[in-house]
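Please work through the following exercises with the sequence and the 3D view side by side. Try each task yourself before you read its solution.

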Amino acid sequence: MISLRELAEKIKGEKSVALFCHVRPDGDTIGSALGLKLALEILGIKADVFCDDPIPSRFSFLNAVSQIKKDFSGEYDALIAIDCADIQRLNNFSEKFLSHKNTYTIDHHVSNTRFSKINYVFDNASNCENVFELINELGVEINEEIANVLALGIITDTGNFKHKNVTNETFLRMSKLVQKGADLNAIIFHMFSAQTKERAKLFGKVMQKIRYFFDGRFAVATVKLSDFSDCGAKQDETEGFIDFVMGIIGVEVGACVMEIAPNKFKISFRSKSADVNAVARTFGGGGHTLASGCQIHGDYEDVIDKIQFAVSREIPD
């Protein structure tokens, strides 16, 4: 793998860069891409951020988010995939990305497939930590705007510092971002407290029908299309549901099964010790050892049977 110093030197040599967030964007891909874009612009490098999905409204409290574009056009010296474990995460941008002669990946997922010509994959708790180190290596002074978008990614991808992969380095980086002006109070409020009435109604509806397996060690929260319509909520309003499941005493592995189209389910796994990356890989997904995801097509009960069997091979006895 390329070193951080080599990566910085190569990127400094580019004149124009297109940065890509993954579909169903979260705070880490948004923060990573915007943080690097803002840093590159300070160096005089043209940089734009693209995402093939709409950006959820909960991120709009940060002004920089309005700079993310939906339609990719124009010529760029380099294309950079941000926080993407595989090429499918770019969705409709995948073909153009793979056909470009100069591509980079900056990511933190252990399941990364190294689909770019230059790959920097380092297993920090968040990809924003990788970008934080890269910006320092580029010699750019972090300003308040960069500090806020990087703090967004660190806070959201660590579950507000609750996840096991948080290290002392995570806190040191966040401390430096606070020194540069990151507003933790605003970020934590918008990411973990603020919600619509519709989202609150959906949360109650979903949590009252959690299913338990293996003597309560595996818990599944399900959100069906009918739940969204009944509550008037949007699919991007399920953030944090899986964290509630993992807070239930006795639960070792949790899953949030969300129906995103008829008989098509997006599944997020979390774990306290079991390797859920191995579970997600069974279905063509991936991520981290303790936090991964995948998609499965099929009848709902068949999907539950499949993930139950896959989890049974990894969950501790």
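The exercises below go from the sheet to single strands, a helix and two single residues.

The model is predicted, so local features need pLDDT of at least 70 and side-chain atom pairs count only at pLDDT 80 or more, while totals for chains, interfaces and linings use all residues. Residues are numbered from 1 along each chain as its sequence is written, and side-chain values use heavy atoms, with hydrogens and water left out.

**Exercise 1. The open sheet**

Task: Find the order of the strands in the open sheet, and name its edge strands.

Solution: Begin with the terms: helices (H or I, at least four residues) and strands (E, at least two) are DSSP runs numbered from the N terminus, and two strands pair if DSSP finds at least two bridges between them. With these terms, the open sheet has 6 strands in the order β3-β2-β1-β4-β5-β6, and the pairing is parallel. The edge strands are β3 (68–69) and β6, each of which pairs on one side only. Further inside the order, strand β1 (residues 16–20) pairs with β4 over 4 bridges in the parallel sense, and there alanine 18 has leucine 79 of β4 as its bridge partner.

Next, look at the helices on the sheet, where contact means heavy atoms within 4.5 Å, and where axes are lines fitted to C-alpha atoms (for helices over the stretch in contact), with angles from 0 to 180 degrees between N-to-C directions. Helix α1 (residues 4–12) packs on the sheet and touches β4, β5 and β6, its direction making about 135° with that of β5. Helix α2 (residues 27–42) lies across β1, β2 (46–50), β3, β4 and β5, and it runs at about 165° to β2.

**Exercise 2. Strand β5 and its neighbours**

Task: Decide whether the residues of strand β5 are buried or exposed, and trace its pairing on both sides.

Solution: Buried means under 20% relative accessible area, exposed over 50%, and partly exposed in between (1.4 Å probe, protein chains only). By this rule 5 of the 5 residues of β5 (residues 103–107) are buried, so the strand is largely enclosed by the rest of the structure. In a regular strand the side chains alternate between the two faces of the sheet. Here Thr103, Thr105 and Asp107 are on one side and Tyr104 and Ile106 on the other, and both faces are covered.

Now take the pairing: strand β4 (residues 78–82) runs parallel to β5 and is joined to it by 4 bridges, with tyrosine 104 in β5 as the bridge partner of isoleucine 80. Between these two strands the chain crosses through helix α3 (residues 94–99), and this β-α-β crossover is right-handed, a term that applies if, with the strands pointing away from the viewer, the path from the first strand over the helix to the second runs clockwise. Strand β6 (residues 118–121) is also parallel to β5 and joined to it by 4 bridges, and isoleucine 106 stands opposite tyrosine 120 in β6.

**Exercise 3. The two sides of helix α8**

Task: Work out where the buried residues of helix α8 lie around its axis, and against what they pack.

Solution: In α8 (residues 197–207), the residues Arg199, Leu202, Val206 and Met207 are buried. Seen down the helix axis they fall within an arc of 120°, so they line one face of the helix; the arc is that of the directions from the helix axis to the C-beta atoms. Lys197 and Lys201, on the other side of α8, are exposed. The buried residues pack against β8 (218–223), α9 (225–231) and α10 (241–246).

**Exercise 4. Two single residues**

Task: Describe the surroundings of glutamate 129 and of isoleucine 2.

Solution: Glutamate 129 has its place in helix α4 (residues 127–138) and is buried, with a relative accessible area of 0%. Its side chain makes a polar contact of 3.2 Å with that of serine 126, where a polar contact is a pair of N or O atoms within 3.5 Å; within protein, one must be able to donate a hydrogen and the other to accept it, and residues adjacent in sequence count only if both atoms are side-chain atoms. Leaving aside neighbours within four places in sequence, glutamate 129 is in contact with Asn124, Ile154, Glu169, Thr170 and Arg173.

Isoleucine 2 is found in the segment before α1 and counts as buried at 13% relative accessibility. Not counting residues up to four places away in sequence, isoleucine 2 touches Leu7, Lys10, Ile118, Asn119 and Tyr120.
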